[in-house]
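Please look at the structure below before reading on. The report that follows goes through selected parts of the chain.

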Amino acid sequence: MSQQGYVAAPPYSQSQPGIGGFGPPNSSIHYGHYGDPNSSYSAPQPGVSKSAVPFGSPAPVGPPPPGAQHFSPNSFQNGSGTPGQQPQRFQGPPPPGNTGPSYPPYSHQSQAAFPNTAPASSTAQLADQLNSMQINNYVSHTGPGTAPSSSVSPGHRAAFQGPQVLPPAQQQMGLPPAPQLPPPPANSVNGLCAQPALPPVARQGGIPGPVPPNPNLQHLPGQPPGPGYHPQQANYGPQMAAPQLSYPGAFPSGPAQLAGPPQKKLDPDSIPSPIQVIENDKAARGGQVYATNTRGQVPPLVTTNCVIQDQGHASPRYIRCTTYCFPVTSDMAKQARIPLAAVIQPFAAVPPNETPLYLVNHGETGPIRCNRCKAYMCPFMQFIEGGRRYQCGFCNCINDVPQFFFQHLDHMGRRIDHYERPELSLGSYEYVATSDYCRDKKPPNPPAFIFMIDVSYRNIKSGLVKLICDELKTLLDKLPREEQEESSAIRVGFVAYNKVLHFFNVKSSLAQPQMMVVTDVAEVFVPLLDGFLVDFEESRSVVTNLLDQIPELFADTNESETIFAPVIQAGMEALKAAECAGKLFLFHSSLPTAEAPGKLKNRDDKKLLNTDKEKTLFQPQGNYEALAKDCVANGCCVNLFLFPTQYVDVASMGLVTMYTGGTLYKYNNFQLDADSPQFLSDLRKDIQKKMGFDATMRVRTSTGFRATDFFGAIYMNNTTDVEMAAVDCDKAVTVEFKHDDKLNEDTGALIQCAVLYTSLSGQRRIRIHNIGLNCSSQLADVYRTCETDALINFFAKSAFKAILSQPLKTVRDILMNQTAHMLACYKKNCASPAAVSQLILPDTMKVLPVYMNCLLKSCVLASRPEIPTDERAFHRQLVMAMGVADTQLFFYPLLLPLHSLDLKSDAVPAAIRCSEERLSEGGAFLLANGLSMFLWLGASVSPELIQGLFNVPSFAHISTEATSLPDLDNPFSKKLKHILEQIQSQKPHTMKLMVVKQREQPEMLFRQFLVEDKSIYGGASYVDFLVCIHKEISQLLS
Ligand SMILES: [Zn+2]
């Protein structure tokens, strides 16, 4: 995207309603997504696509010319009898009738309303009773009276629900009614949740917020920096909280108001629990086969393990949607304000027990495509006229079936080879592309990896350079390859740099590597072609020799200044000269201050926080955008491993990485001993990743709606082609859709995502994912099929994109407003009549408020001076590329009790809610969010457990310096190690383990991740947020 391309995307491009400016939910002025006159969408622009050819070409407008024949004469020679044209590996899934335990379409009605598995204490019993009152009020659709209201005793009500006693017949949860909250202060800029300043008493503890159950946790002395934070910036002590007690104006900060008499406070057990939702889904759908044979069915949650069987729609591993039923009209969509989006992870890893994608090869004919809209042959094409023609499911155009592809239809009108061809019966498959889909119509060369090592003083002294070189010697044997191939086709090259560039010739015929220095960094050129990119097998001895020599060569360096942009430029030029796509691996430590293009200066300015200029902190300096564009155009993906000790302007340095589909890794204050395992694990995983290079993605839709906005580690040259220099298994693109006509309930809403890319072996391919969604004129159908995890992914990415162009407060307000709108619309239109004071949440959005609050509290959106700007830019960049599973864990961390591990079972224990009150002094807990991992030990954890984990006799003997657990020969330790591996295995970043003891200093770091509690940065607790949202909904509906 160009800078201009970042003009706020819907819903952020809307002019914002002012304070209290909410109308009824169907009031169009508040609608965030539709009817935006400045929508970035326009007709596809010709010409700018890097792959000029059929893939990127705009669809012709209007009907095809009569008798148009788009296939080369060759296609007629490739008759159906030609062996080469048959699908090679595909045996087809069995017909749906024979598929064993396929999962039935998702039914919320069948799901028990909040079964509570907590131990039977009086509180738990009460929670049971409250839960049975349908906090998940989707079922309220069936009318009041489905759960016996007598299950809640009047006494309990009085104690936990405050004065607002539910009418007996109501099924909804009673929250403290809005009037209990004081009105917003007159000077509030927000009007939503802003509270008057807290009374002084709330400040005395140092940390804002209600007093937690364990007061000892409150009074930590001033914190030293925890690992991972800059010493000069980390400051978690009491003093940080004093100036401001909440996000300025954004969050409810009202412990004073809420921490009244106990009976007025909402019991956390009575509000929807993410853990309960996750566990319910696991219980209902875990371990089963989920077959994708039904349009519009809602898949199991990302947190539920099941086996997915492709039966005509793409696996949820590849595509997840915010709702699986689109409203038929844009008016309905405007009313509900539910974003219509798909999160597409086109190269998602599939477990070994699921079928990998089939490869279809039509030889020189290439893939079969609709003449008009260019959609690829797929299960949505309808064969007619005895099989001689087919109607495109996307544009309805009638196409001739190419002769070689002809097949008779059975009595159902289905081709008799339906189950023999992946492109007729599967949601996902690949096509081998023809030369028409290649640059300059030439088959591509295999990709290359170029390792570019910063050999300035600090990296040499810290031992990092030697570490990298030593690791590469073994790692280069593990370059990724196609499954059927014995060795990797990927070539490798090496550059060392500080203020100048050192290229190395490692040609196999040389006895010694040769070095060539390029000092003119203003106009970088590549001094050698032959011998720079080599096959590691062939050049093994020269490369090994080089890797031995690099640390020695620069051992005496005094050079502390570095360049950065010219390094990327050089890598890109080298790939260009070799006519291949590829990936650069940069290992870099400092702000590039040497005189050269891309020179950066420290511009970190905390005074910009909470001003209209805060957004500039996230915008890149200099010409990095143009460099990124060049890299994408040349298929050059940039992976960046950063080892900063201070501000390095991640927003600028990381930009090329983000636009080119690369991955950014960051190791603050890298210490060889403590941090090597994490870094090396990241490097190993990254190098071995399966991925596609030089990719362009196009999303096609059936008539009536279209893709309008794209969020991810991508580059958009025009409005339709998503360009990625590379795309790996972890990268996801979130696509927002918009109506342009009425949708059809019979034919549904169909989506086809096609990714043209170069494979690891250098083969040009097209990966296709198809999914069909339902359409309905009933809002209830839309709400019933929502997926909160996908919604949060969408909201996070759209908000993190918007902060480049809008004040953060506006962005936070929009998130808040939209949440309230979605829920208000449900209450008004889908739920049975209820009192204003009752909060009613659709079953599928039960945990939307808690997740939304986690997003609002994330360090990216929290304008707090204690949070390093680089950390915020780093998180922002990571989230932009995340899939649904990664955002779910990132925003709501996994918290596992370890003291009660079942050593006989292989399963990971059930998680608990991320709140301090769920911890216990006698317990040990593991917390992970995909980036950080903590082992928290209660002060009175049993000596046996300590012995079993650490092999030391007592709590006092445990070293918190350790970043991993010792390998011990006891069942407990082995089980825990196994769990750690399981959690780690599915995550792109390696999490460094931090051992945290209760009441010791680093505990503050850990506490940030207890996301249901009030944040140390002032973000609201879950309870407070829910009250606030409830108030907002009540206002909208009054
Ligand atoms: Zn078509």
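The text begins with the whole chain, then turns to a metal site, two groups of strands and some loop residues.

**Basis and overview**

This is a predicted model, in which local features need pLDDT of at least 70 and side-chain atom pairs count only at pLDDT 80 or more, while totals for chains, interfaces and linings use all residues. Residues are numbered from 1 along each chain as its sequence is written, and side-chain values use heavy atoms, with hydrogens and water left out.

The chain has 1038 residues, and 62% of them are buried. Buried means under 20% relative accessible area, exposed means over 50%, and partly exposed lies in between, using a 1.4 Å probe and protein chains only. The secondary structure comes to 26 helices and 30 strands. Helices (H or I, at least four residues) and strands (E, at least two) are DSSP runs, numbered from the N terminus.

The accessible surface of the chain is about 36500 Å², and carbon and sulfur atoms account for 52% of that area. Such areas come from the Shrake-Rupley method with a 1.4 Å probe; for residues, only the protein chains shown count as cover. Of the contacts between residues at least 6 apart in sequence, 76% join residues at least 24 apart. Contact means heavy atoms within 4.5 Å.

**The zinc site**

Which residues coordinate the zinc ion? The SG atoms of C370, C373, C392 and C395 do, at 2.3 Å. Donors are N, O and S atoms within 2.8 Å of the metal (3.2 Å for Na, K and Ca); water is not among the atoms, so sites may look incomplete. Along the chain, the donors follow the spacing C-x2-C-x18-C-x2-C. The angles among the four donor atoms are 99 to 115 degrees, and the site is tetrahedral. Four donors count as tetrahedral if all angles lie between 85 and 135 degrees. The ideal angle for four tetrahedral donors is 109.5 degrees. Among the zinc donors, C392 and C395 are both buried.

**A sheet of seven strands**

Seven strands form an open sheet with mixed pairing, in the order β15-β14-β13-β12-β16-β17-β18. Two strands pair if DSSP finds at least two bridges between them. The edge strands, each pairing on one side only, are β15 (514-518) and β18 (664-666). On average, neighbouring strands of this sheet are turned by 20 degrees against each other, direction ignored. Axes are lines fitted to C-alpha atoms, for helices over the stretch in contact, and angles run from 0 to 180 degrees between N-to-C directions.

Strand β14 (residues 501-505) runs antiparallel to β15, and five bridges join the two. In one of these pairs, L501 has V518 in β15 as its bridge partner. Helix α10 (residues 464-475) packs on the sheet and touches β12 (448-454), β13 (491-497) and β16 (582-588). The direction of α10 makes about 155 degrees with that of β12.

**Strand β6 and its partners**

In a regular strand the side chains alternate between the two faces of the sheet. In strand β6 (residues 341-344), A341 and V343 point one way and A342 and I344 the other way, and all are buried. Strand β4 (residues 319-321) runs antiparallel to β6, with three bridges between them, and C321 stands opposite A342. Strand β23 (residues 733-739) also runs antiparallel to β6, with four bridges, and A341 stands opposite E736 of β23.

**Residues in loops**

The table lists four loop residues with their relative accessible areas.

| Residue | Loop between | Relative accessible area |
|---|---|---|
| N396 | β9 (389-391) and β10 (398-400) | 42%, partly exposed |
| K441 | β11 (428-432) and β12 | 48%, partly exposed |
| H418 | β10 and α8 (422-425) | 16%, buried |
| A939 | β29 (932-937) and α23 (943-950) | 27%, partly exposed |

N396 is not a glycine, although its phi is positive, about 70 degrees. K441 is likewise a residue other than glycine with a positive phi, near 60 degrees.

Why does H418 count as buried? H418 counts as buried because its relative accessible area is 16%. Not counting residues up to four places away in sequence, H418 touches L424 and S425.

A939 and K997 are 58 residues apart in sequence, while their C-alpha atoms are 6.9 Å apart in space. Leaving aside neighbours within four places in sequence, A939 is in contact with E921, F955, Q998 and R999.

Conventions. Tetrahedral: all angles 85-135°; square planar, octahedral: opposite > 155°, others 65-115°.
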